[in-house]
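Please open the structure in your viewer and keep the sequence beside it, since this tour moves from one selection to the next and says what can be found at each.

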Amino acid sequence: MSSLSLFAGKTLVASTCLALSLAGPLMPTSSFAQTAPATASAAANPLLASWAGPYGGVPAFDKVKVDQFKPALEAAMTENLREIDAIASNQQAATFENTIAALEKAGQRLDEVQTVYGIWSGTLSGPEVQAIQREMAPKLAAFSDQINQNQPLFRRVEAVYNSPDKKKLTPEQQRLTWVCYNNFVRSGAKLDATAKTRLSQINQQLAGLFTRFSQNVLADETDSVLVLKTPADLGGLTPSLRDDVANAATTRKLTAAGVITNTRSSVDPFLTYSDQRKLREKAWRMFVNRGDNGGAHDNNAIITEILQLRAERAKLLGYKTHAHWRLDNTMAKTPEAAMQLMEQVWTPAVARVKKEVADMQALARKETGDAAFTIQPWDYRYYAEKVRKARYDLDQNEVQQYLQLDKMREGMFWVAGELFNFNFSPVTNVPVYHPDVKVWEIKDKTSGKHVGLWYFDPYARPGKRSGAWMNAYRNQQRMDGKPVTTIVSNNSNFVKGKDNEPTLISWTDATTLFHEFGHALHGLSSNVTYPTLSGTSVVRDYVEFPSQLLENWLPTPQVLQRFAVHYKTGKPIPQALVDRIEKASTFNQGFETTEFLASALIDMKLHLAGDQKIDADKFERETLAQLGMPREIVMRHRTPQFSHVFSSDGYSAGYYSYLWSVVLAADAYSAFAEAGGPYDGAVGQRLVKNVFSVGNTVDPAEGYRAFRGRDPKIDALMKERGFPMTAKKTSAAPVKKTVGKKS
């Protein structure tokens, strides 16, 4: 499952009100003064120079050296603390401008340094970068907590929050004040000195553990490969996949027929097409056991420690469990509401899996002549593809011939033009951090006004974390009436093909591409004043809504007829093939829903377990058995590699968010269908006005109601996946939250 960036190393401290939700441990100001002299200059360290050049300034990636990161971070933290000190010690009465707005303006240099540092941490993470991460993660967390626990600063924020003059502020200013105040409180600003000290210790420990967890997963992904020694080992693979694995072997300088790397983009296609069952099992075990192989890179003990520390922190902050703390400021509001939704979908999903397995079992036994043949997890994708072909005359390899990465990217741009009035033009006058990265400028089609930049980093490489994600290098804002345009990026791990040949991707990969582009469009559409409220800076179970929604435009005829063209002939995908894709749209939904929900349920149950000492492997095994997890399926993210949850607090007790958001997305897309089609202009304008452009300036429930005219319903999702509706219906509508009142 894709995501917003979680492992960038960026704690978002520049926009202080946003950073407060990422509490770290306490460290005295003098510690930074000693290690990071304020005399550090941009001349000595280019990372400290303000972004310069076109488009309002861009990152100077061409000047970056790894050994510059630590001194740049330390110097920027020192500078930011001076800014915070000036705000906290201001002798004038606290006002929105001299406190809340001042916090918004503080720390720009640190934000720019952390952005570049985060890119290297997530996409160019060699041993030198990882050593810096291990050292700096606790320091960055300490720095964050130093602001969180600044009592004079909090008193000023609290004074603005409680002031009767708050009514005179604009709605966006009131929202920002509410967000800032609540983030302070949720980060422990009201705790006594002893509790604050312990909270700080916990946060510092967690920062180090998060870094170790993510580096262990990356090590297993980088170091472990499946070598296909002979041509026979390539049996069943499509021509394009054969080229990919051969190219992977060449890249790694291995003399072999091919190499399967330990990433989803390499393993899943192999599991789908390889007719070598023993090799499928080896590839499957390699992938699902990341972080769970014993030795230096095993994550199980780290998970135990993270869970205990999170439970202790939650109690310090006045919450029953970590899950209750994390969901307190979300749309769901409570773990119970999230569990209710997941359980409602779990039952029909598992029932569908049983039917899917029965179909595969019958086909496999007929094909092999073995009446005792039993489907195993490494067989699921292989035989599901055979059933798909037999039932719908649909071969994913046939579809893939029409899905060129570059053409799909052009299709996304076209959709953005139709729905958002954006125009994308390639630019070459900005530096990039890797030759694979390309950049586009976005303008409004009507006015020609510059909107932002989009960086695209599509291919897998050593040192790049797996999966797909979106980053915001710079948030849109216009404080002081000065417009600042956004810079966003999408990052994928497609297997790079031969030179001068198009990269062919699967339908699933194309869907993910549109998903991540939805995040980018969320950032690019932002039209707010303050950076804390900008773009994708919304609650976790709402942030995936725009991205889930955009997936719906991939299968529209307008996209397929224009951009799904054969990589050799250039002819558009035949309508008969499109029809078969549509007929098979609910195929394998049992598998896809169950593997996701298993991860989401384990995540939530781990964080509802309180302070008990948990053996992650045992808990996973026993809980899945209690849930009735089909033995033919494994969690999409097993616990020892569940980076969404254990490489930061980001999606912890929050992986359910994808389901919550897809309920919104399915319901929202129905609004287009009801209006006559996916490109209806009036519905598109309402969507941009109330969802994509507003960031966190309005409560997400209110924004959704303004778009849809009502609360979301689950019906569209169940229909979309071909699941029967149960008598009990669950709405994804939250309790209404009023700005200015404590949540």
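The stops below visit a helix pair, a strand pair and several single residues. Keep in mind throughout that this is a predicted model.

**First stop: helix α4**

Begin by selecting residues 96–105, which form helix α4, and notice that this helix is mostly covered, with eight of its 10 residues buried. The buried residues are Phe96, Asn98, Thr99, Ile100, Ala101, Ala102, Leu103 and Glu104. If you step just past the end of α4, you come to Gly107, which takes a positive phi of about 85°.

**Second stop: α4 against α8**

Now add residues 171–186, helix α8, to the selection. Two packed helices are described by the angle between their axes and the distance between the axes. Here the axes of α4 and α8 come within 11 Å and cross at roughly 70°, which makes α4 roughly perpendicular to α8. On the α4 side of the contact you can display Phe96, Glu97, Ile100, Leu103 and Glu104, and these meet Gln173, Leu176, Thr177 and Cys180 of α8. Sorted by class, this contact between α4 and α8 has five nonpolar, two polar and two charged residues.

**Third stop: strands β2 and β3**

Next select residues 225–228, strand β2, together with residues 258–261, strand β3; the two strands run antiparallel and are joined by four bridges. In a regular strand the side chains alternate between the two faces of the sheet. With side chains shown along β2, Leu226 and Leu228 point to one face and are buried, whereas Val225 and Val227 point to the other face and are not buried. In β3, Gly258 and Ile260 point one way while Val259 and Thr261 point the other way, and all of them are buried. To see how the strands line up, look for Leu226, which stands opposite Ile260 in β3, and then for Val227, which stands opposite Val259.

**Fourth stop: two loop residues with positive phi**

Most residues other than glycine have a negative phi, and most peptide bonds are trans. Against that background, select Tyr55 in the loop between α2 (29–35) and α3 (69–88), where phi is positive, near 60°, in a residue other than glycine. Then move to Asp480, which lies in the loop between β7 (469–474) and β8 (486–494) and has a positive phi of about 60° although it is not a glycine. Is Asp480 buried or exposed? Asp480 is exposed, because its relative accessible area is 55%, and the cut-off for that word is over 50%.

**Fifth stop: Glu398**

Continue to residues 396–400, helix α17, in which Glu398 lies. Glu398 is partly exposed, with a relative accessible area of 32%. Leaving aside residues up to four places away in sequence, Glu398 touches Leu577 and Arg580. You may also draw a distance from its C-alpha atom to that of Thr238, which is 160 residues apart from Glu398 along the chain, and find a separation of 9.7 Å.

**Last stop: Thr556**

Finally, centre the view on Thr556, in the loop between α20 (540–550) and α21 (557–563). Thr556 is buried, with a relative accessible area of 3%. When residues up to four places away in sequence are not counted, Thr556 touches Tyr669, Pro678 and Tyr679. With Tyr679, the side chain of Thr556 also makes a polar contact of 2.8 Å, joining it to the side chain of that tyrosine.

Note on methods: Residues are numbered from 1 along each chain as its sequence is written. This is a predicted model: local features need pLDDT of at least 70, side-chain atom pairs count only at pLDDT 80 or more; totals for chains, interfaces and linings use all residues. Side-chain values use heavy atoms; hydrogens and water are left out. Buried means under 20% relative accessible area, exposed over 50%, partly exposed in between (1.4 Å probe, protein chains only). A polar contact is a pair of N or O atoms within 3.5 Å; within protein, one must be able to donate a hydrogen and the other to accept it, and residues adjacent in sequence count only if both atoms are side-chain atoms. Contact means heavy atoms within 4.5 Å. Axes are lines fitted to C-alpha atoms, for helices over the stretch in contact, and angles run from 0 to 180 degrees between N-to-C directions. Angles under 35 degrees count as roughly parallel, over 145 as roughly antiparallel, 65 to 115 as roughly perpendicular and the rest as oblique. Ala, Val, Leu, Ile, Met, Phe, Trp, Tyr, Cys and Pro count as nonpolar, Asp, Glu, Lys and Arg as charged, and the others, Gly among them, as polar. Two strands pair if DSSP finds at least two bridges between them.
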